Structures are given as structure tokens and as C-alpha cells.
Amino acid sequence: WVGTGTGTFSTLSLSGLLTANAGVLLSSNFATSSGGTVAYTAGNITGINSILHDATDAATASLPASSTLSAFIPTAGDRVSIGIVNVGDSNLTLAGGTGTSLNTASTSKIILPGGSGILDFIRKADTDIEVFFDHGI
């Protein structure tokens with residue numbers, strides 16, 4: 001598609017710099033509710049922009065193993081960012097999965113009730129994935 005106007009695409013591949021003068025709205029999300037322990041799957045997080053997690057009791061959410069994320073982030077150097085929001089009334093603790101290292105600037109991997117954060121997934125050359133977590137309130 002070349003020109004002006006609007007278009008709807010299931011997949012759009014660009015080579016070059018994308019300039020979005022009006023901004024970009026990312027609106028696909030995965031919503032879940034849990035207390036205790038939950039494991040996110042590749043299917044849960046592939047093709048989304050945010051996770052809305054309703055932590056009903058103190059909850060721990062584990063990221064998927066890197067071996068299951070070949071479609072999510074296929075090539076060394078690829079990066080995907082996902083926002084995560086704790087819409088519940090209890091703390092949400094994040095944990096890495098096998099081959100998925102969760103890194104933070106502090107020792108805290110907790111999202112407080114009403115808080116949010118960003119998960120940046122980066123595929124390494126050895127097939128492992130580094131996940132950098134930065135959280136707000």
C-alpha cells in the first residue's frame with residue numbers, strides 16, 4: 001500500500017523509518033485474573049501490547065520459557081515491549097522462566113495494586129531472552 005488514506009492489515013512489514021506524526025495507539029491486550037501462582041504462556045503474550053492482571057490475592061506471574069517464544073521474538077537482536085498493569089487489589093510479583101532472565105534496576109520485581117510497568121524482551125544470540133523490567137508505582 002502506497003499513498004495516503006487508511007488501510008487495515010493483518011501484517012505490515014516496513015523497511016526504513018516510520019514517522020507517526022499523530023502518534024500510535026497500541027490497543028491489543030491479554031487480561032487475566034489470579035491469586036497464587038500463574039504462568040504466562042507464549043499464546044498469552046504473542047501479538048499483544050499490554051497485560052491487564054487482576055491480582056486478587058498476592059500473586060506471582062512467571063514468564064514463559066524462551067524455548068516457547070520462537071514466534072514471539074524469533075531472531076537474535078529482536079525486541080518486543082509489553083506494558084503490564086496490576087488492576088487488582090494485591091501485589092503482583094514477576095518471575096523469569098527457563099531461559100528468560102528477568103532483570104530490574106532494583107531488587108523489586110513487584111507491581112503494587114494499581115501500578116504498572118514495562119517488560120522489554122530482547123532475544124540473545126544463544127536463544128535465551130533477556131527481559132528488562134521497569135516499574136512505576
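The following paragraphs describe the fold, the nonpolar core, the paired side chains and two individual sites of a predicted model.

The protein contains one helix and eight strands, which follow one another along the sequence in the pattern β-α-β-β-β-β-β-β-β. Of its 137 residues, 30% are buried, while the surface that the protein exposes amounts to about 8000 Å², with carbon and sulfur atoms supplying 54% of this area. Among the contacts between residues at least 6 apart in sequence, 58% join residues that are at least 24 apart. The mean pLDDT of the protein is 84, and 77% of the residues reach 70 or more; confidence is lowest in strand E1 (residues 29–39), where the mean is 81, and highest in E7, where the value is 94.

The largest nonpolar core comprises 25 residues, and those with the most contacts inside this core are Tyr-40, Ile-45, Ile-84, Leu-92, Leu-94, Leu-119 and Phe-121. At least two residues of the core come from each of E1, helix H1 (42–45), strand E2 (50–62), strand E3 (79–86), strand E4 (92–95), E7 and strand E8 (129–135). The most is given by E2, which contributes four residues.

Phe-121, listed above among the core residues with the most contacts, also takes part in the one aromatic pair that the structure holds. The ring centres of Phe-72 and Phe-121 are 5.0 Å apart and the ring planes stand at 90 degrees, so the pair is classed as edge-to-face, a term that applies to angles over 60 degrees. The two partners belong to distant parts of the chain, since Phe-72 is located in the loop between E2 and E3 whereas Phe-121 is located in strand E7, with their positions 49 residues apart in sequence. Both Phe-72 and Phe-121 are buried. Beyond the residues up to four places away in sequence, Phe-121 touches a set of residues that includes Ile-45, Leu-63, Phe-72, Arg-79, Ile-129 and Glu-130.

Two of these contact partners of Phe-121, Arg-79 and Glu-130, reappear in the charged pairs, for the structure holds two salt bridges. In one of them, the side chains of Asp-120 and Arg-79 meet at 3.0 Å, N to O. Asp-120 lies in strand E7 and Arg-79 in strand E3, so this salt bridge ties together parts of the chain that are 41 residues apart in sequence. Arg-79 counts as exposed, because its relative accessibility is 54%. In the other salt bridge, Glu-130 is joined to Lys-124, with the closest N and O atoms 3.3 Å apart. Here Glu-130, at 19% relative accessibility, counts as buried, whereas Lys-124, at 31%, counts as partly exposed.

Two further sites illustrate how individual residues are placed. Thr-100 is found in strand E5 (residues 100–104) and, with a relative accessible area of 3%, is buried. When neighbours within four places in sequence are left aside, Thr-100 is in contact with Leu-63, Pro-64, Ala-65, Ser-66, Ile-129 and Val-131. Pro-113, by contrast, occupies the loop between strand E6 (110–111) and strand E7 (116–123), and its relative accessibility of 39% makes this residue partly exposed. Outside the residues up to four places away in sequence, Pro-113 touches Asn-86, Gly-88, Asp-89, Ser-90 and Asn-91. The C-alpha atoms of Pro-113 and Ala-55 are 7.8 Å apart in space, although 58 residues separate the two in sequence.

Notes:
Residues are numbered from 1 along each chain as its sequence is written. This is a predicted model: local features need pLDDT of at least 70, side-chain atom pairs count only at pLDDT 80 or more; totals for chains, interfaces and linings use all residues. Side-chain values use heavy atoms; hydrogens and water are left out. Buried means under 20% relative accessible area, exposed over 50%, partly exposed in between (1.4 Å probe, protein chains only). Contact means heavy atoms within 4.5 Å. Accessible areas come from the Shrake-Rupley method with a 1.4 Å probe; for residues, only the protein chains shown count as cover. pLDDT is the predictor's confidence in each residue, from 0 to 100. A nonpolar core is a set of buried Ala, Val, Leu, Ile, Met, Phe, Trp, Tyr and Cys residues joined through side-chain atoms within 4.5 Å. Rings of Phe, Tyr and Trp (its six-membered ring) pair if their centres lie within 6.5 Å; planes under 30 degrees apart count as stacked, over 60 as edge-to-face and the rest as tilted. A salt bridge is a side-chain nitrogen of Lys or Arg within 4 Å of a carboxyl oxygen of Asp or Glu.
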